[in-house]
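Work through the exercises below with the sequence and the structure open. Each task is followed by a solution in steps.

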Amino acid sequence: MPKAPKLNTDFSELSDPVFSDTIIFIFNLLTLNAAMFTGLPVTMGVIGPLPPNTFGDLINKFNTIRLAAPYAGQTADTDAARNNVQRAVTKNGNWLNTYCNGDLTMLKKTGYPLQKESEAQGKLDESIISVTSLTVVNKMEFFITKVKGSGLRYGVMYTLATNPDLNPANWTFYYAGHRYGEIEGFIPGKAYKFVSFAMGTDLDLTYSEVVTVMAL
């Protein structure tokens, strides 16, 4: 039985100019079809163009930095600005996948490309995870960098920072259908350690470096 169509919400493999064009296309189509998609977690005004020369939105900030005259630290600043755009479109894309529930007509009106079928991969590269403790009690927000390959899913392993077991395979597992998400159930005032990994067709997993975050 074929899988229901879903949106691709990860554009890490695109060059910066193509990434920009892709996001602006998504912005334009979602703005055009705004009445169909009320309730997006990140509003279009946060992502897309504001009046000329204001550069108050994420995609304009990204383009302003990457197209500026060369300066020290420009690459890092560009990457950081691009990650902010990616977080926003991933968050909206995850919401849209749930909202559209496989309806191809609706999915095509979002501007997002559709996911391709999974392909066989060898051992996957190491991912990078960033984790932020949310002001909402017991929740942590994570964002995982893209690992080269199509049709990948990701996993997060976590445990109390005081746990002496250094093998992430023995920690608590969270299935991350997308690179961005939230995990709940943390004890306020306790520190936790996290790793991420990409899941493809190879069973040999590569864990990220450990990050430690205090729950609020």
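Two strands count as paired if DSSP finds at least two bridges between them. The model used here is a predicted one.

**Exercise 1. Find the bridge partner of V156 in β4, then place that pair in its sheet.**

Step 1. V156 has Y174 as its bridge partner in β4.

Step 2. Count the bridges. Strand β3 (residues 153–160) and β4 are joined by 5 bridges, and the two run antiparallel.

Step 3. Extend to the sheet. It is open, has 4 strands and follows the order β4-β3-β6-β7, with antiparallel pairing.

Step 4. Mark the edges. These are β4 (172–176) and β7 (211–214), each of which pairs on one side only.

Step 5. Add the twist. Neighbouring strands of this sheet are turned against each other by 30° on average, direction ignored.

**Exercise 2. Work out the strand order of the open sheet of 3 strands, and explain why one side of β1 and of β5 has no neighbour in the sheet.**

Step 1. The order is β1-β2-β5, and the pairing is antiparallel.

Step 2. β1 (129–133) and β5 (180–184) are at the edges; each has a single partner strand, so one side of each lacks a neighbour in the sheet.

Step 3. From one strand to the next, the twist averages 25°.

Step 4. Check one pairing. β1 and strand β2 (residues 139–144) run antiparallel and are joined by 5 bridges. S133 has M140 as its bridge partner in β2.

Step 5. Look for a helix on the sheet. α4 packs there and touches β1, β2 and β5. The direction of α4 makes about 115° with that of β2.

**Exercise 3. Describe how α1 and α4 pack: what is the angle, and how far apart are the axes?**

Step 1. The packing angle is about 40°, and the axes are 12 Å apart.

Step 2. Assign the hand. The crossing of α1 past α4 is left-handed.

Step 3. List the contact. α1 supplies D16, F19, I23 and L30. α4 supplies T78, R82, V85, Q86, V89 and L96.

Step 4. Sort these residues. The contact of α1 with α4 has 6 nonpolar, 2 polar and 2 charged residues.

**Exercise 4. Which residues of the largest nonpolar core touch the most other members?**

Step 1. The core has 24 residues; I23, L30, V85 and Y112 touch the most other members.

Step 2. Trace the elements. Those giving two or more residues to this core are α1, α2 (44–47), α3 (58–66), α4 (74–100) and α5 (104–108).

Step 3. Find the largest share. α4 gives it, with 6 residues.

Step 4. Follow Y112. Leaving out residues up to four places away in sequence, Y112 touches L7, N8, T9, F11, I26, L30, V89, N92, G93, L96 and L107.

Step 5. Separate the second core. Another core of 19 residues lies apart from this one, and its members include I144, Y154, A198 and A215.

**Exercise 5. Is L29 buried or exposed? Locate its partners as well.**

Step 1. L29 belongs to helix α1 (residues 16–32).

Step 2. Apply the cut-off: buried means under 20% relative accessible area. L29 has 18% relative accessibility, so L29 counts as buried.

Step 3. List the contacts. With residues up to four places away in sequence not counted, L29 touches K108, K109, T110 and G111.

Step 4. Take one of these, T110. L29 and T110 are 81 residues apart along the chain, and their C-alpha atoms are separated by 5.9 Å.

How values were computed. Residues are numbered from 1 along each chain as its sequence is written. This is a predicted model: local features need pLDDT of at least 70, side-chain atom pairs count only at pLDDT 80 or more; totals for chains, interfaces and linings use all residues. Side-chain values use heavy atoms; hydrogens and water are left out. Buried means under 20% relative accessible area, exposed over 50%, partly exposed in between (1.4 Å probe, protein chains only). Contact means heavy atoms within 4.5 Å. A nonpolar core is a set of buried Ala, Val, Leu, Ile, Met, Phe, Trp, Tyr and Cys residues joined through side-chain atoms within 4.5 Å. Axes are lines fitted to C-alpha atoms, for helices over the stretch in contact, and angles run from 0 to 180 degrees between N-to-C directions. A crossing is left-handed if the near helix is turned anticlockwise from the far one by less than a right angle, and right-handed if clockwise. Ala, Val, Leu, Ile, Met, Phe, Trp, Tyr, Cys and Pro count as nonpolar, Asp, Glu, Lys and Arg as charged, and the others, Gly among them, as polar.
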